[in-house]
Amino acid sequence: MRKINTEVIEKKIYEMALHAGVNLTPACKTAMNNALKTEKSDAAAFALETLLKNAETAVQKQMPVCQDTGMAVVILEIGQEVFLEGKPLAVAVNDGIKRAYADGYFRKSVCDPITRQNTGDNTPAVIHTEIIAGDKIKITFMPKGFGSENMSRLYMLKPAQGVEGIINAIEETVKLAGSRPCPPVYVGVGIGGTFDTCAFLAKKALTRDIGTASPRGDIAEIERVALEKINKLDIGCQGFHGSTTALGVACEWAPTHIAGLPVAVNIQCHCVRCEKAEL
């Protein structure tokens, strides 16, 4: 049994939140640079170039890479041989986020859903926990902006709709979103499970590096075909038309009931911010 004080988790969350607010992921920068090299639309190429310059400026000046510094999403994979001591886990996570958003001068965007009163410190975070083997804790931190989150959709398909129905749902979601989620987007897809689990799978898919394919061949083919169809929509960077509407499509899956085929499509804007660490 390995003891870990939650103060260690708080410190790590603090560091990850500060870094994520300022930096795009390396995979995101690579994907955007690759898109710029192949973009034939002058307007879309200009927009891509501007977004990349913005990302550079954010790092140089240590300022938020986007004004929407997001709602904090935290995934904790906790080894079953870990014994947590100290303050409650959720309190530690939220304390780290509070300090990071204050010290980084990040916008506080979390509010009561009815009164709309701001909580003032960008908490509470959305925290997902999973128990895994071993004595380590894997932490994933993702600030999720809502311009893209609002464009996400959940489908309860009929089993007979199959792979074609899944791909159509992915394409339809991006088409209906248009320029509103600040394309080029990254598309996370959850397939299977229940109404709620497929939504989590879609969110988890967004934590994968852009350009990685599912290890399962038929799922990887869904990713490939969906991305191809999306990039034929001619929405383009920031809606200026062009060949790159999405930087990637990532799908995660789970077994489901014989009577259903849940599919969730969670859109991420071009501003892909995600930090991972292991304790």
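This is a guided tour of a predicted model, going from its sheet to the helices packed on it and then to two buried loop residues.

**The sheet**

Begin by selecting the four strands of the open sheet, which follow the order S4-S2-S5-S10 and show mixed pairing. At the edges you will find strand S4, residues 126–132, and strand S10, residues 275–278, each of which pairs on one side only. As you step from one strand to the next, the twist averages 15 degrees.

Next, colour strand S5, residues 137–144, which is joined to S10 by 4 bridges, the two strands running antiparallel. Along this pairing, Lys138 has Glu278 of S10 as its bridge partner, while Ile139 stands opposite Ala277 in S10. Turning to S2, you will see 8 bridges linking this strand to S5, again with an antiparallel run, and here Met71 is partnered by Lys144 in S5. With the surface switched on, S5 is largely enclosed by the rest of the structure, because 7 of its 8 residues are buried.

**Helices H1 and H4**

Now add helix H1, residues 6–22, and helix H4, residues 89–103, which pack with their axes 8 Å apart at an angle of about 35 degrees, in a right-handed crossing. To display the contact, select Thr6, Ile9, Glu10, Lys11, Ile13, Tyr14, Ala17 and Leu18 in H1, together with the residues they meet in H4, among them Leu89, Ala92, Val93, Ile97 and Tyr101. Sorted by class, this contact of H1 with H4 holds 11 nonpolar, 2 polar and 5 charged residues.

Keep the sheet in view while these helices are shown. H1 packs on the sheet by touching strand S2 (71–79), S5 and S10, and the direction of H1 makes about 35 degrees with that of S5. H4 also packs on the sheet, where this helix touches S2, S4 and S5, and the direction of H4 makes about 140 degrees with that of S2.

**Helices H2 and H3**

Move on to helix H2, residues 26–38, and helix H3, residues 42–61, whose axes are 9 Å apart and whose packing angle is about 150 degrees. Angles over 145 degrees count as roughly antiparallel, and H2 and H3 are therefore roughly antiparallel to each other. Their crossing is left-handed. For the side chains at this contact, select Lys29, Met32, Asn33, Ala35 and Leu36 in H2, which meet Ala45, Leu48, Glu49, Leu51, Leu52 and Val59 in H3; by class, there are 8 nonpolar, 1 polar and 2 charged residues.

**Two buried loop residues**

From H3, follow the chain into the loop between H3 and S2, where Val65 is placed. Val65 counts as buried because its relative accessibility is 7%, the cut-off for that class being under 20%. If you show its surroundings, leaving aside residues up to four places away in sequence, Val65 touches Gly21, Val22, Leu24, Asn54, Ala55, Ala58, Cys271 and Arg273. Of these, Asn54 can be used for a distance label: the C-alpha atoms of Val65 and Asn54 are 7.0 Å apart in space, although the two residues are 11 residues apart in sequence.

Finish at His270, in the loop between strand S9 (261–268) and S10. This histidine is likewise buried, with a relative accessible area of 11%. Under the same sequence exclusion of up to four places, His270 touches Leu24, Cys28, Met32, Leu51, Cys182, Pro184 and Gln238. With these shown, pick out Met32 and Leu51 once more, since both also belong to the H2 and H3 contact.

Notes: Residues numbered from 1 in each chain as written. Predicted model: local features only at pLDDT ≥ 70, side-chain atom pairs only at ≥ 80, totals over all residues. Heavy atoms only, no water. Axes fitted to C-alpha atoms, helices over the stretch in contact; angles between N-to-C directions. Left-handed = near helix turned anticlockwise from the far one by under 90°. Contact = heavy atoms within 4.5 Å. Nonpolar A, V, L, I, M, F, W, Y, C, P; charged D, E, K, R; others polar. Parallel < 35°, antiparallel > 145°, perpendicular 65-115°, else oblique. Pairing = 2+ DSSP bridges. Buried < 20%, exposed > 50% of the residue type's maximum accessible area, 1.4 Å probe, protein only.
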